[in-house]
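Trainee: I am new to this structure and would like a close look at a single part of it. Please take one helix and go through it slowly.

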Amino acid sequence: MTYIKDFDQLGRGDVEEAGGKGANLGELTQAGFHVPRGFVLTTAAYADFVEANGLGARILELATLPADAPQQDYDGAAHQIRSLFSDRVMPPGIARELSEAYSRLGHALPDASGEDIPVAVRSSATAEDLASASFAGQQDTYLNIRGAEAVAASVIACWASLWNARAMAYRAREGLDPATVRLAVVIQQMVESDSAGVMFTANPANGRRDQVVVSASWGLGESVVSGAVTTDDIVVDPAAGRILSRLTADKEVMMAYSKDGTAEQPVPEPKRREPVLDDAAAAALARQGTAIAEHFAAPQDIE
C-alpha cells in the first residue's frame with residue numbers, strides 16, 4: 001500500500017484520496033502556482049489506522065448524533081473519540097512511509113539538511129474546501145512541527161479532530177453521513193513569514209468579482225485565518241493594480257515560531273501601526289488571486 005502522494009501527483013479530482021485541502025494544493029502545484037512544498041498522507045492511511053485498531057464501530061456509535069443534540073453531547077462524544085485515538089499506535093507500514101516522506105521533503109528543500117525541518121501538519125477532510133460545503137477550518141492544524149515522531153503524533157491528533165464537537169455538529173446540520181467522511185493529512189514546508197493573511201478574490205462586502213480583498217497581519221498566517229489577530233484590510237482593483245481602500249489596524253499581537261510550535265507575542269511598538277503590505281505587494285497578490293480564481297473558474301479564499 002502506498003499512503004503518500006506528493007502535491008504534483010494530485011489535482012482537484014482527488015478529493016476522496018487527498019481531502020479538499022490536499023486536492024486543491026495539488027491542483028495549484030500542477031498549474032504552476034507557487035505553493036510551499038509538501039505531500040499528503042492519504043485517506044487510506046486514516047481508514048487503515050481505524051481498521052487496525054478496531055475503532056470504526058465505536059466511532060460511529062459515539063458520532064451519530066441528531067442535529068439538535070445539546071452541545072454537551074457533542075463535547076462528550078468528541079472527548080471519548082479523542083481518547084480512542086490517543087490510546088492507539090500508528091501501524092508500522094503507515095509510520096514508515098510517513099517518516100520516509102518527511103525525510104525526503106527535508107532533503108529536497110534548498111539550504112536544508114533534511115534533519116527535522118519545520119512543517120505544518122494540516123487536516124484535509126473529504127468534505128472541506130468544496131464548492132458545495134464551507135467546511136474548512138473544522139479540523140486541527142499543527143504548525144512548526146519538527147521530527148518524525150512529532151509529525152506522527154500530530155497526524156494522529158489531526159485524525160482525531162475529524163470527530164471534534166464542532167465538526168460533528170456541522171456535519172449533522174448539513175446532513176452529512178458520518179460513515180462517509182475520511183481525513184487525509186497535509187504535511188507542508190513551513191514558511192517563516194514576516195507577514196501573512198487571507199485573500200478573497202470577490203469582495204465579501206459587496207460580492208464584486210472585480211475587487212480583491214486582502215486581510216493581513218504580521219507573523220504567521222494561522223492566526224489570521226482563525227480571527228485571533230487584528231488585520232490590515234486592503235481592497236484592490238486587480239485589473240488596474242490600484243488600491244481602492246486601505247484600513248491599517250493597530251496590530252497588538254502576532255503569531256510567531258516558538259520552541260515547541262507557535263506562540264502569540266506582542267508586535268514591536270514601531271510596527272503596530274505600520275502597514276503590513278505596501279501598494280505594490282497588495283497589487284501583486286491581487287493579480288495572483290485573480291489568476292487562481294480564473295483557473296478554478298470561481299471566486300476563491302486563499303491563505
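Which elements do the buried residues of α9 pack against?

Mentor: Keep in mind that this is a predicted model. The buried residues of α9 pack against one helix, α1 (15-30), and against the strands β6 (195-200), β7 (212-218), β8 (232-237), β9 (242-247) and β12 (301-302).

The helix itself comes next. Helix α9 covers residues 279-296, which makes 18 residues. Its end C-alpha atoms are 26 Å apart, and this agrees with the expected span because 18 residues at 1.5 Å a residue should also give 26 Å, the span being counted as 1.5 Å times one less than the number of residues.

Now the residues that make the packing. Buried in α9 are A282, A283, A286, G289, I292, A293 and F296. Buried here stands for under 20% relative accessible area. As a general point, an α-helix has 3.6 residues a turn, so residues three or four places apart point the same way. With that in mind, look again at the numbering of the buried residues, among them A282, A286, G289, I292 and F296.

The two ends remain. At the N-terminal end, D278 caps α9: one of its side-chain oxygens lies 3.2 Å from the backbone nitrogen of A280. At the other end, just after α9, A297 takes a positive phi of about 60°.

To trace this on the model, start at the cap formed by D278, follow the buried residues from A282 to F296, and stop at A297 with its positive phi.

Conventions: Residues are numbered from 1 along each chain as its sequence is written. This is a predicted model: local features need pLDDT of at least 70, side-chain atom pairs count only at pLDDT 80 or more; totals for chains, interfaces and linings use all residues. Side-chain values use heavy atoms; hydrogens and water are left out. Helices (H or I, at least four residues) and strands (E, at least two) are DSSP runs, numbered from the N terminus. Buried means under 20% relative accessible area, exposed over 50%, partly exposed in between (1.4 Å probe, protein chains only). Contact means heavy atoms within 4.5 Å. A polar contact is a pair of N or O atoms within 3.5 Å; within protein, one must be able to donate a hydrogen and the other to accept it, and residues adjacent in sequence count only if both atoms are side-chain atoms.
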